[in-house]
Amino acid sequence: MNKKKEFIERLAALQAQEPELKRSKLDLIDQPDSEAGDAAHIKLTPFVYENIDNEHAGVGRVIMSKTDERHHFQNGDSMKKNFTEIECTAAAFKLKQPLTTDLGLQACDDTKSKDPVVVLPTSATVLDSLVDLYYLNKSIFNLETEALLHEKFSAIKDSSFSDAASGVKLSGYPFRHCVLPNFISNDNYINNLESVLHEISLRTKNNDLYKFLQSGDLTCSKHSAISKFRSLCENLKNFITHVTGIPLNNKMDLFCSQYKYTDVLLCHDDELEERRIAFIYYLVPSTWSASDGGTLDLFDSDEKIQPKNIVKSIVPTRNSFLFFEVSENSFHQVAEVLSESKTRLSLSGWFHGPPLTRQPHPLVDTLPPAVPFGSIEEEVFYAWFNPLYLAPEVQTDVRSRFEADSEIELTDFLQEDKYQALMAALQENNINWGLTGPANKRRYYLADKDNLPAVVSEFLRVMHSDAAFLVLSNLTGLKLHPLAPSSEEDEPSESSGECSTSERVIPCLSKISCPRCRSEVRKWQHGCYTLAYDTDAEIMDFALDVIMYVGSEKDWNFDNGGYTSYIAKGEDEELLSICPSGNSLALVYRDKDTMRFVKHLNHRVTKLPTSCFYEINTVYYE
């Protein structure tokens, strides 16, 4: 038997016995060949299958007509019509499926080549794979690099590794991630893909967690440039499977995202359903730098699997492909874009696989205890509140409007001298402001109550006093004080009441009602926010939110962020939004399962005359 024919038959038999052999990598290089006429040779460098001796390795070549468009062979047209010749070893086509005799192999003699030859029937799968690999960086997508990365990925923990030959960077801290530089080797395709993505339809994504533009799912896009990228990702999935050892399935999500000035995606972990690998392909301008923002920030986590600090920031680089392992601690964010002229353009998505085991019980925050009201000196109380809001006829009008809308904003609520003194005290440098967290729930500055200026402490005393509880009852119609009329009464109750007011902090004697409250003194500046989340202990009860804004602009622009938004649990539509406004008291009554968040304060606030504001936030319970 002809030696070449014998080799092909032995190789085909081997393939039939081992259908699960791992695919090999092809190193594709343009090789013009005068003998082929108007054809381009793509040379396949030596490759070896796992479990196949070196004796069975070989070199082949594929000859494709330059004049044929890609869609010709996607349509399944005959090979003779589209290709002058296809020559390669059998092992070369082990890309997406095992090579068996079912593919219709023919052993052929070729006097012009010393390499064994296989003539294949039309196969879009095989040909697509060859063309896809032609677009990818050959210094990364080869057997040696893949084996090296697999070895490093499985062993890496808190260290990092950089491959000098390919430029690939792999790190295990704070969770495993990898950057593939110069991902695509065809500059014309990169530029074409970028142009296409700038033209496709995008929708605004804007809620507590993010603000940016995003396409629909592109996995079914019929545009050739996008479908080509999807095909590249499908080939890349096999590479990632081999590197990470994660058995990815055929499901993939793919989206285009544009981040412009002040756009952001706050801290989250990406863990959802069967997401196992998250990826991002950057098409940013080549001049993009850290000062433009938009970095991918990675967080470490604590023993409760909550994010702590940003420990690494990866600056987007044009034509780089980044992927990371999705897990319960893969906390990350896209930092706010600070450039007013550049767009952070990317393609991103997830590869899916077997779901991970999650925590059986999500962590629920514990709140500081709410306390019953205390007493306040009469002259101290009357020195603070605007007398307008103590007038019975005004209280009746406010209550009527509040009962209809469950919210109201009372402007100029404090007397001007007290407001100015309060603002000056909050701006003092001797207040101990601590940054709250974790970042997947909140980020703002909280004052240490044990180290407050006297005027701030006095205001808190006023807000916690029996007099303030009674005034708020009259303004809202809520039963926050035993002397407040109930909803069925027009006059105050003659009952002796459930709570004594003779002491500063009074234990509640009633088994039915015990009005109480808790307060925080907060500072808001660029980068601060809170997020709505299901385990927020605040949504477990009906409550009255009372927000006293200090030091903010009177005419606040929504585009700055910083507004407080209320939404129903499980819904995206906002029920109510409140903008900060100096010397205004916002009252909002919320039901159980009503969630709230403070929208991320973006870079625009740094351009305001005062780049921060304060809030004394008190929550009252009936």
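## A walk through the predicted chain

The chain averages a pLDDT of 80, and 73% of its residues score at least 70, figures that belong to a predicted model. Confidence is not even along the sequence: over residues 14-127 the pLDDT stays under 50, and for that stretch the model has 230 contacts beyond four places in sequence. A further stretch, residues 489-511, also stays under 50, with 36 contacts beyond four places in sequence. Where pLDDT is low, the predicted coordinates should not be read in detail.

Taken as a whole, the chain has 622 residues, of which 55% count as buried, and its secondary structure comes to 12 helices and 30 strands. If one takes the contacts between residues at least 6 apart in sequence, 77% of them join residues at least 24 apart.

Two pairs of packed helices can now be followed in turn. Two packed helices are described by the angle between their axes and the distance between the axes. In the pair formed by helix 6, residues 187-199, and helix 7, the axes come within 9 Å and cross at roughly 120 degrees, and the crossing is left-handed. On the side of helix 6 the contact is made by Tyr189, Asn192, Leu193, Val196 and Leu197, which meet Ala225, Ile226, Lys228, Phe229 and Leu232 in helix 7. Sorted by class, the residues of this contact are 8 nonpolar, 1 polar and 1 charged.

Leucine 232, one of the residues in that contact, has its place in helix 7, which spans residues 224-244. Because its relative accessibility is 0%, leucine 232 counts as buried. Its C-alpha atom is separated by 9.9 Å from that of tyrosine 134, although the two residues are 98 residues apart along the chain.

The other pair lies further along the sequence, where helix 10, residues 416-426, packs against helix 11, residues 454-463, at an angle of about 120 degrees and with the axes 8 Å apart. That angle makes helix 10 oblique to helix 11, since angles that are neither roughly parallel, roughly antiparallel nor roughly perpendicular count as oblique. Helix 10 passes helix 11 in a left-handed crossing. Here Lys418, Ala421, Leu422, Ala425 and Leu426 from helix 10 meet Val455, Val456, Glu458 and Phe459 from helix 11, and the residues of this contact divide into 7 nonpolar, no polar and 2 charged.

Methods: Residues are numbered from 1 along each chain as its sequence is written. This is a predicted model: local features need pLDDT of at least 70, side-chain atom pairs count only at pLDDT 80 or more; totals for chains, interfaces and linings use all residues. Side-chain values use heavy atoms; hydrogens and water are left out. Axes are lines fitted to C-alpha atoms, for helices over the stretch in contact, and angles run from 0 to 180 degrees between N-to-C directions. Helices (H or I, at least four residues) and strands (E, at least two) are DSSP runs, numbered from the N terminus. Angles under 35 degrees count as roughly parallel, over 145 as roughly antiparallel, 65 to 115 as roughly perpendicular and the rest as oblique. A crossing is left-handed if the near helix is turned anticlockwise from the far one by less than a right angle, and right-handed if clockwise. Contact means heavy atoms within 4.5 Å. Ala, Val, Leu, Ile, Met, Phe, Trp, Tyr, Cys and Pro count as nonpolar, Asp, Glu, Lys and Arg as charged, and the others, Gly among them, as polar. pLDDT is the predictor's confidence in each residue, from 0 to 100. Buried means under 20% relative accessible area, exposed over 50%, partly exposed in between (1.4 Å probe, protein chains only).
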